[in-house]
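Subject: Structure handover and findings

Hello,

Please find the structure below. My notes on it follow.

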Amino acid sequence: GARDMVRNLFGVDEESTGGPYRPTDPETSKKAAKGVKIGSYHADIVHTLGLVYPQGLTARAVSEHSLTTGKKELSPEKANTRLKELRDRGLVDFVRDVTTLKPLEHRTTEGNTGRVHALTTQGYNEYVWLAAARGMERYQ
């Protein structure tokens, strides 16, 4: 069905959970292991950041957007944890000051700031793939 079509079209299994992979694995399984599972918090964050790409958002802004998705709320703390995991996987990075290269901070709440996260090129490619795969799901 559509699931196989997506898998064949993109060479990625959308059911992949982003688990560990061995350096000896073929390139396709490395790519699948780095991918994010549709419907996961990681996928939701990639989607949210994809909507504002190439700009970025703070963990609090990602959390606030999660309220509009109709799913269980993603707290700013949990959003921050998921963003770190996505950074570790190379899909997200801090937006950096062009001069100092330090992560940019935006005001979040009174007296507080948060680092701004944006998709990397790899992360944006994942966003495009997820959007296509989600579109395919409607036809199953």
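Here is what I found, from the overall layout down to single residues.

**Overall layout**

Please keep in mind that this is a predicted model. The protein has 6 helices and 4 strands. Reading from the N terminus, the order is α-α-α-α-α-β-β-β-β-α. Of the 140 residues, 36% are buried. Take the contacts with a separation of 6 or more: 55% of them join residues 24 or more positions apart. The exposed surface comes to about 8400 Å². Carbon and sulfur atoms supply 53% of that area.

**The core**

Which residues touch the most other members of the largest nonpolar core? They are I45, L49, V62, L83 and L86, in a core of 19 residues. Four helices each supply at least two residues of this core: helix 3 (41-52), helix 4 (59-66), helix 5 (76-88) and helix 6 (121-137).

I45 is a good place to start looking. Leaving aside residues up to four places away in sequence, I45 touches V62, L74, A79, R82, L83 and L86. Three of these names, V62, L83 and L86, also appear in the list of core residues that touch the most other members.

**Helix packing**

Two packed helices are described by the angle between their axes and the distance between the axes. Two pairs are worth a look here.

Start with helix 4 and helix 5. Their axes are 8 Å apart, and the packing angle is about 115°. Helix 4 is therefore roughly perpendicular to helix 5. The crossing of this pair, helix 4 and helix 5, is right-handed. On the helix 4 side, the contact involves A59, R60, V62 and S63. On the helix 5 side, the partners are P76, A79, N80 and L83.

Next, helix 3 and helix 5. Here the axes are 10 Å apart, at an angle of about 85°. That angle falls in the range from 65 to 115 degrees, so helix 3 and helix 5 are roughly perpendicular to each other. Helix 3 brings Y41, H42, I45, V46 and L49 to the contact. Helix 5 brings A79, R82, L83, E85 and L86. A79 and L83 of helix 5 thus turn up in the contact with helix 4 and in the contact with helix 3.

**Backbone points to check**

Most residues other than glycine have a negative phi, and most peptide bonds are trans. Two places in the model depart from this pattern.

The first topic is a peptide bond. Y53 and P54 are joined by a cis peptide bond, with omega at about 5°. P54 sits in the loop between helix 3 and helix 4. Is P54 buried or exposed? Its relative accessibility is 56%, so P54 counts as exposed. P54 and T121 are 67 residues apart along the chain, and their C-alpha atoms are separated by 9.3 Å.

The second topic is a phi angle. L101 is not a glycine, yet its phi is positive, at about 65°. L101 lies in the loop between strand 1 and strand 2. With 55% relative accessibility, L101 counts as exposed.

**Other residues in loops and strands**

D97 is in the loop between strand 1 (92-94) and strand 2 (105-107). D97 counts as partly exposed, at 27% relative accessibility. Not counting residues up to four places away in sequence, D97 touches K102 and L104.

E105 belongs to strand 2. E105 has a relative accessible area of 43%, which means partly exposed. What does E105 touch, not counting residues up to four places away in sequence? The partners are T113, G114, R115 and V116. E105 and L57 are 48 residues apart in sequence, with a C-alpha to C-alpha distance of 9.7 Å.

K72 is in the loop between helix 4 and helix 5. At 61% relative accessibility, K72 counts as exposed. K72 and Y41 are 31 residues apart in sequence and 9.8 Å apart in space, C-alpha to C-alpha. Y41 is also one of the helix 3 residues in the contact with helix 5.

Best wishes

Note on methods: Residues numbered from 1 in each chain as written. Predicted model: local features only at pLDDT ≥ 70, side-chain atom pairs only at ≥ 80, totals over all residues. Heavy atoms only, no water. Buried < 20%, exposed > 50% of the residue type's maximum accessible area, 1.4 Å probe, protein only. Contact = heavy atoms within 4.5 Å. Areas by Shrake-Rupley, 256 points an atom, 1.4 Å probe, with all protein chains shown as cover. Core = buried A, V, L, I, M, F, W, Y, C linked by side-chain atoms within 4.5 Å. Axes fitted to C-alpha atoms, helices over the stretch in contact; angles between N-to-C directions. Parallel < 35°, antiparallel > 145°, perpendicular 65-115°, else oblique. Left-handed = near helix turned anticlockwise from the far one by under 90°.
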